[in-house]
Amino acid sequence: MSNDLDIWRSLPARQQPSWPDQEELAAAFAELSALPPLVTAPEVRSLTDRLAMVARGEAFLLQGGDCAETFAANTADKIRDKVKTLLQMAVALTYGASTPVVKVARIAGQYAKPRSADIEASTGLPSYRGDAVNDITPNAQARRPNPKRMVDAYHQSAVALNLVRAFATGGFADLHKVHEWNKAFVRDSAAGRRYELMAVDIERALAFMAACGIDPDRTAALTGVEMFTSHEGLLMEYERALTRTEESTGEVYDLSAHMIWIGERTRDLDGAHVDFLSRVGNPIGCKIGPKATPDEVVALTERLNPDHVPGRLTLIARMGAKRVRDALPPIIDKVNSAGHPVVWSCDPMHGNTRDVGGVKTRHFDDVLDEVFGFFEVHKGLGTHPGGLHIELTGENVTECLGGAEMIGEADLGGRYETACDPRLNTGQALELAFLVAESLQQARAERDTHTR
Ligand code: PEP
Ligand code: MN
C-alpha cells in the first residue's frame, strides 16, 4: 500500500469509455469523492480473513450474480431473488460438503463492462459499456458516455447494498427460513426437490440443537449470514473516487465494494488497473484466461500480493472446458513453487460462451465440464479447489442451454433478458451447487485420507 494512488494516470488504461467532456468527468469525480463510502475498512478486512481460510483449504468461496447489473433491474424483487439463490447455493455447499462458505455477490456495483469494440458493428454506435457509462438503447444520444451515470451507479449501489445488508442480518437469511428460499418455479425441478429434502434435514438438525439446549435464536451464525459485495474494478475514475484512507491506520481501501476484481482484458502488468489495485488493501480477484502463461501469472501475483498475505488475492481461472485440464496445472504449479498463498477460484462461464444464431449463450454441460476439470486439476496437484465464480439470476430466465430443464436453442427466445452475458437461472445454479458440493465432499474425503 502506498500513497502513489495516482500513478495509474500516467499508465495505459484499457477499456475506458471515451468520455466526450472532460469537465463533466471532473465534476462527477469530485461529486463521488465527497460521497460516503459504500462499505467500511473493517468489513473489507474481515473478507480478507475469510478468504485466508479459503486459501488455507478451510472454506469455499461462492461468488455470483449478474454479468451486468442495470438500473432498471435494481428492484426489491430482483435483489431479493438473487440473494435467495446465493443463500440456497451456499446452504447446499455448506451442508453437502460440511464446509464454511464465504458468500460474495456480484451486486451493488457491477455496472461497467469491457467490450470487444469501441463501436458496435451492427449499429455503428458506441458500444454499451454498462449502466455506469451509457444506456443500452441503440441511439446516439443514449450511447454517449455520460460521467454523471457513475454517480447514478453509486446511488443505485447504495440502494441495493442497503437491502442486501437487511436481508443478510434482518431475519431473512435465518436458517429456519431455509424452505422459504426455494421459489415456486424451482420447487418442482430435480434440484428443487433435492433442496426440499435437504431443508427438512436442516430443520431436524436445528430442532435437535434446540432440544440439546442450544438456543438457535441467540446463535448469530444461524440467524444471519455475512454477505460481501464485489464488482469488476473497471472504471478507473469511479474506483479512484471511492478510494479512501482510514484515519486510524493510514491504510488505503477502495470502498466501492468489499472485493474488487481485475478482468481478463485489463490485467496487463504495466497497465493502470494492476497498478492502482496493487495499492489498495481490499481482497483482489484477477481473472486468468487460457492465454495467460505461468510466468505472467506469477508476475501478476508478485505485483498484487508482494507480501504473500493469504486472502489478499484470488485467481479466478476462466479457461473454458476444453482448456482447463491442460492450461491450469502449469500455472498452479508455478504459483505454488513461488510460495504464493492464493485462493484458486473457477469461473466456468467466460471461457464457454458460444453463438447460436446470433444469440450469445453457454451450455450447462460445458459449465459443468469446466468445473469438474478444475476439481480434477486440483486433485492431481493436491491443492484446494477454493471457489466458484458464476453469473446467475434469481429468476427463471432462458439464457443458458441445458440443465435438468433441458433448455434448448428454441427456448432461448423465451426469457432472454441479460444486458450482457447469459446467466444461469435459479434451477441451473442450484443444480450446479449440488454437483460442486459432491465434488468438494470427495476432495475433502481424499485429503483427509492422505493426512490421516
Ligand atoms: C465478467 O466477469 O463479466 C467478465 C467480463 O469476465 P472476463 O474478464 O473473465 O472476461
Ligand atoms: Mn460476463
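1. In this predicted model, Gln 63 has His 389 of strand E12 as its bridge partner. The two strands concerned, E1 and E12, pair in the parallel sense over 5 bridges.

2. Strand E12 also pairs with E9: the two run parallel and are joined by 2 bridges. Here Ser 345 stands opposite Gly 387 of E12.

3. Strand E12 spans residues 387-391, and 5 of its 5 residues are buried, so the strand is largely enclosed by the rest of the structure. Side chains in a regular strand alternate between the two faces of the sheet. In E12, Gly 387, His 389 and Glu 391 point one way, whereas Leu 388 and Ile 390 point the other way.

4. Glu 391 of E12 is also one of the protein donors of the manganese ion (ligand 2), through OE. The other donors are Cys 67 (SG), His 350 (NE2) and Asp 421 (OD), and the donors lie 2.1 to 2.5 Å from the ion. Their spacing in sequence is C-x282-H-x40-E-x29-D.

5. Within this site, Cys 67 and His 350 link distant parts of the chain, being 283 residues apart. Cys 67 belongs to the loop between strand E1 (60-65) and helix H3 (76-97), and His 350 to the loop between strand E9 (343-346) and strand E10 (353-356). Both residues are buried.

6. A separate point concerns Ser 439, located in helix H14 (residues 426-451). Ser 439 counts as buried because its relative accessibility is 12%, under the 20% limit. Leaving aside residues up to four places away in sequence, Ser 439 touches Phe 372 and Phe 375.

Key:
Residues are numbered from 1 along each chain as its sequence is written. Chains are lettered from A and ligands numbered from 1 in the order in which they are written. This is a predicted model: local features need pLDDT of at least 70, side-chain atom pairs count only at pLDDT 80 or more; totals for chains, interfaces and linings use all residues. Side-chain values use heavy atoms; hydrogens and water are left out. Helices (H or I, at least four residues) and strands (E, at least two) are DSSP runs, numbered from the N terminus. Buried means under 20% relative accessible area, exposed over 50%, partly exposed in between (1.4 Å probe, protein chains only). Contact means heavy atoms within 4.5 Å. Donors are N, O and S atoms within 2.8 Å of the metal (3.2 Å for Na, K and Ca); water is not among the atoms, so sites may look incomplete. Two strands pair if DSSP finds at least two bridges between them.
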